[in-house]
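Please look through the structure below with a first-year student in mind. The questions after it move from the sheet to a helix and then to the aromatic rings.

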Amino acid sequence: MERVFITFAAGEEYEKLSQVLKRSIESFSDHDLIIYRPEDFDIIWQPENWKPAYIFIYKVLSCLKSLENFDEVVWLDNDCLPTKNIDTIWNYQVDNYPLLPKERFNNFRIWPNEKPNYQDTNLLKTAKEKVGLAETDFSNHYLQACCMLFNKSCINFFQEVLKYYQDFDNDVFP
């Protein structure tokens with residue numbers, strides 16, 4: 001089974017972070033890290049003209065591109081720092097949807113500035129409606145895609161996510 005870690009980098013700061021991530025993966029994993037960049041895709045790089053958060057389309061595009069050559073993939077944000085246990089992530093089972101950390105935002109309760117209440121069922125009401133979920137269909141654990149384990153069974157999911165970028169609204173999908 002072909003496995004790989006991936007990330008995306010654009011700009012000097014993210015390039016530097018990606019190199020730290022790469023060294024960490026090389027130190028603690030038996031698998032490689034692929035760093036995707038804007039030129040790897042057919043979208044013209046112009047974030048100054050995009051709505052906030054639209055840039056995350058590159059995360060979805062990177063995931064889809066990686067599945068062209070690999071069976072299982074782990075996306076890592078540039079600011080992740082893997083440790084000696086990183087390869088245990090491959091022990092989890094993936095079924096049609098990427099596995100994401102679900103309690104990532106609990107630390108916001110102790111941040112010095114105010115954050116939204118991610119347990120509030122009204123928080124993503126419009127986003128839930130847009131993707132066809134009733135308020136009761138979703139436990140409201142706000143999931144963070146800083147680290148995702150996925151495989152080829154997730155292709156349809158990523159393709160569906162891409163459709164929401166056609167009329168992207170960062171107020172609906174914060």
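What follows is a conversation between a reader and the author about this model.

This is a predicted model, in which local features need pLDDT of at least 70 and side-chain atom pairs count only at pLDDT 80 or more, while totals for chains, interfaces and linings use all residues. Residues are numbered from 1 along each chain as its sequence is written, and side-chain values use heavy atoms, with hydrogens and water left out.

Reader: Which strands stand at the edges of the open sheet?
Author: Strands (E, at least two residues) and helices (H or I, at least four residues) are DSSP runs, numbered from the N terminus, and two strands pair if DSSP finds at least two bridges between them. The open sheet has four strands in the order β2-β1-β3-β4, with mixed pairing. Because an edge strand has a single partner and one side left without a neighbour in the sheet, the strands asked for are β2 (33-36) and β4 (147-151).

Reader: In which sense do β3 and β4 pair, parallel or antiparallel?
Author: One bridge between these strands joins Val74 to its partner Leu149 in β4. Five bridges are found between β3 and β4, and their sense is antiparallel.

Reader: How many residues of β4 are buried?
Author: Buried means under 20% relative accessible area, exposed means over 50%, and partly exposed lies in between (1.4 Å probe, protein chains only). Cys147, Leu149 and Asn151 point one way from β4, whereas Met148 and Phe150 point the other way, and all are buried. The strand is therefore largely enclosed by the rest of the structure, the count of buried residues being five of the five.

Reader: At about what angle does α2 run to β1?
Author: Axes are lines fitted to C-alpha atoms, for helices over the stretch in contact (heavy atoms within 4.5 Å), and angles run from 0 to 180 degrees between N-to-C directions. Helix α2 lies across β1, β2, β3 and β4, and its angle to β1 is about 155°.

Reader: What is the relative accessibility of Ser66?
Author: Ser66 has its place in helix α2 (residues 57-66), a helix that is mostly covered, with nine of its 10 residues buried. Leaving aside neighbours within four places in sequence, Ser66 is in contact with Ile6, Tyr36, Val73 and Phe150. Ser66 counts as buried because its relative accessibility is 0%.

Reader: How many residues apart in sequence are the parts that Phe41 and Tyr58 tie together?
Author: Rings of Phe, Tyr and Trp (its six-membered ring) pair if their centres lie within 6.5 Å, and planes under 30 degrees apart count as stacked, over 60 as edge-to-face and the rest as tilted. By this rule there are 14 aromatic pairs, among them the edge-to-face pair of Phe41 and Tyr58, at 5.7 Å centre to centre with 70° between the planes. Phe41 lies in the loop between β2 and α2 and Tyr58 in helix α2, so the separation in sequence is 17 residues.

Reader: Which residue lies over the face of Phe41?
Author: A charge sits over a ring if NZ of Lys or CZ of Arg is within 6 Å of the ring centre and within 35 degrees of the ring normal. At 5.8 Å from the ring centre of Phe41, the residue over its face is Lys65.
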